[in-house]
Amino acid sequence: MDLDVFVTAHRTEWDRLEHLLRRGRRLTGAEADELVVLYQRTATHLSLIQSSSSDPLLTGRLTQLVARARSTVTGTRKASWRDAARFLTAGFPAAVYRSRHWWVPTAVLSTVVAALLGWWIGTHPEVQAAIAAPEDLRAMTRPGGEYETYYSSHPAASFAAQVWTNNAQAAALCLVLGAFLCIPVIWILFLNMLNLGVGIGLMSSAGRLDVFLGLVLPHGLLELTAVFVAAGTGLRLGWAVIDPGPLSRRTALAQQGRAALGMAIGLALVLFVSGLIEGFVTPSGLPTWARIAIGIVAELAFLAYVYILGGRAARAGDTGDLAAVERSAELPTAA
């Protein structure tokens, strides 16, 4: 495409669009219709220029024009409590449900890795010796040791807040760093499974695996599920960069990124619940079976929330992304 000829042919339309945008609300009906037509044409022009030219000044001008025109044509609206309710009852569970083919295998594989690491550490004294000195290991695994007192070492409220903050940060990192070709997500997930495997291995070698599981399962079921969802979503986001499918790489990444942002908010709420369980239930004086039962109920409630509400919303077409009218207009792709 000859850029000079193209600019000469369409500069009048761009100038006219800019003039109409400066007039704002004082447009007549015919001028408003003209603005819509010019907005659509300019969006197409911008797509053509982006695909065949590298003129930053012209691209910047047209990008600004298209953005201003879209804001004028579609208008803006304020978020409401209805939006929050819709997010919690449809958008978030639908996004989790639609990404289940990523986070369910992630959960299964990660659990297997943690179990294998726990077996390896628990059955190899030389590995345990590499982790810490024998007296330190005894201090961690003995009755009343560090593994047991960890959950009651701070006031329940502050401990729950600290746990929630740490887990929410880990989940957010999985979601955000997934765009870097999945590698950071795999590393974060491995570190989490390594920590879990170390606990399993050391406590099993001390003959106290039942105590360890009784402490971890009440909050760990829901907490780890949230981490797995975040990791699976991050991997899905990274795969959108590697293989965007029929969409452009930028469009695919934008769609997955918007859904991931919403999931970060939803998962923060899920981790808040698991933090409450870890702060108030795990160190409580309840029998082990009762604490584990609370964890199982919380986990089943979340899975029902995802598979029932989320499945229904996903089948109705909800993707967890913004509604079509709230998304930026997708520019046509030049053939």
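A residue is called buried when its relative accessible area is under 20%, exposed when that area is over 50%, and partly exposed in between, with a 1.4 Å probe and protein chains only. The model shown here is predicted, so local features need pLDDT of at least 70 and side-chain atom pairs count only at pLDDT 80 or more, whereas totals for chains, interfaces and linings use all residues. Residues are numbered from 1 along each chain as its sequence is written, and side-chain values use heavy atoms, with hydrogens and water left out.

The protein chain has 13 helices and 0 strands, where helices (H or I, at least four residues) and strands (E, at least two) are DSSP runs numbered from the N terminus. Read from the N terminus on, the order of elements is α-α-α-α-α-α-α-α-α-α-α-α-α. Of the 335 residues in the protein chain, 40% are buried. Contact here means heavy atoms within 4.5 Å, and among the contacts in the protein chain with a separation of 6 or more, 78% are between residues 24 or more positions apart. The accessible surface of the protein chain, computed by the Shrake-Rupley method with a 1.4 Å probe and, for residues, with only the protein chains shown counting as cover, comes to about 18100 Å², and carbon and sulfur atoms hold 65% of that surface.

We turn next to the charged side chains. Side chains of opposite charge can pair when their charged atoms come close. A salt bridge is counted when a side-chain nitrogen of Lys or Arg lies within 4 Å of a carboxyl oxygen of Asp or Glu, and by this rule there are 6 salt bridges. In one of them Glu13 pairs with Arg41, with the closest N and O atoms 2.8 Å apart. Because Glu13 lies in helix α1 (residues 3-23) and Arg41 in helix α2 (residues 29-52), this pair ties together parts that are 28 residues apart in sequence. Glu13 is buried, with a relative accessible area of 19%, while Arg41 is partly exposed at 41% relative accessibility.

Helix α1 also holds Asp15, and Arg61 lies in helix α3 (residues 56-74), so that pair ties together parts that are 46 residues apart in sequence. Asp15 and Arg61 form a salt bridge in which the closest N and O atoms are 2.7 Å apart. Asp15 is partly exposed, with a relative accessible area of 36%, and Arg61 is partly exposed as well, with a relative accessible area of 26%. A network of salt bridges links Asp15, Glu18 and Arg61.

Further along the chain, Arg208 and Glu148 meet in a salt bridge of 2.4 Å, N to O. Arg208 lies in the loop between α10 (183-205) and α11 (209-242) and Glu148 in helix α8 (residues 146-149), so the pair ties together parts that are 60 residues apart in sequence. Here Arg208 is buried, with a relative accessible area of 13%, whereas Glu148 counts as partly exposed at 25% relative accessibility.

The aromatic rings can be followed in a similar way. Rings of Phe, Tyr and Trp (its six-membered ring) pair if their centres lie within 6.5 Å, and their planes count as stacked when under 30 degrees apart, as edge-to-face when over 60 and as tilted for the rest. The structure holds 7 aromatic pairs. In the pair of Phe92 and Tyr305 the ring centres are 6.2 Å apart and the planes are at 45°, so the pair is tilted. Since Phe92 lies in helix α4 (residues 81-98) and Tyr305 in helix α13 (residues 288-315), the pair ties together parts that are 213 residues apart in sequence. Phe92 is buried, with a relative accessible area of 2%, while Tyr305 is partly exposed, with a relative accessible area of 22%. Ring pairs join Phe92 and Tyr305 with Phe87 and Phe302 into a cluster.

On the surface, Val104, Val108, Val112, Leu116 and Tyr307 make a nonpolar patch of about 410 Å². Such patches consist of residues with over 30% relative accessible area and no salt bridge, like charges being joined within 9 Å and nonpolar side chains (Val, Leu, Ile, Met, Phe, Trp, Tyr) within 5 Å. Helix α5 (residues 100-122) gives the largest share of the nonpolar patch, 4 residues. Val104 lies in helix α5 and, at 31% relative accessibility, counts as partly exposed.
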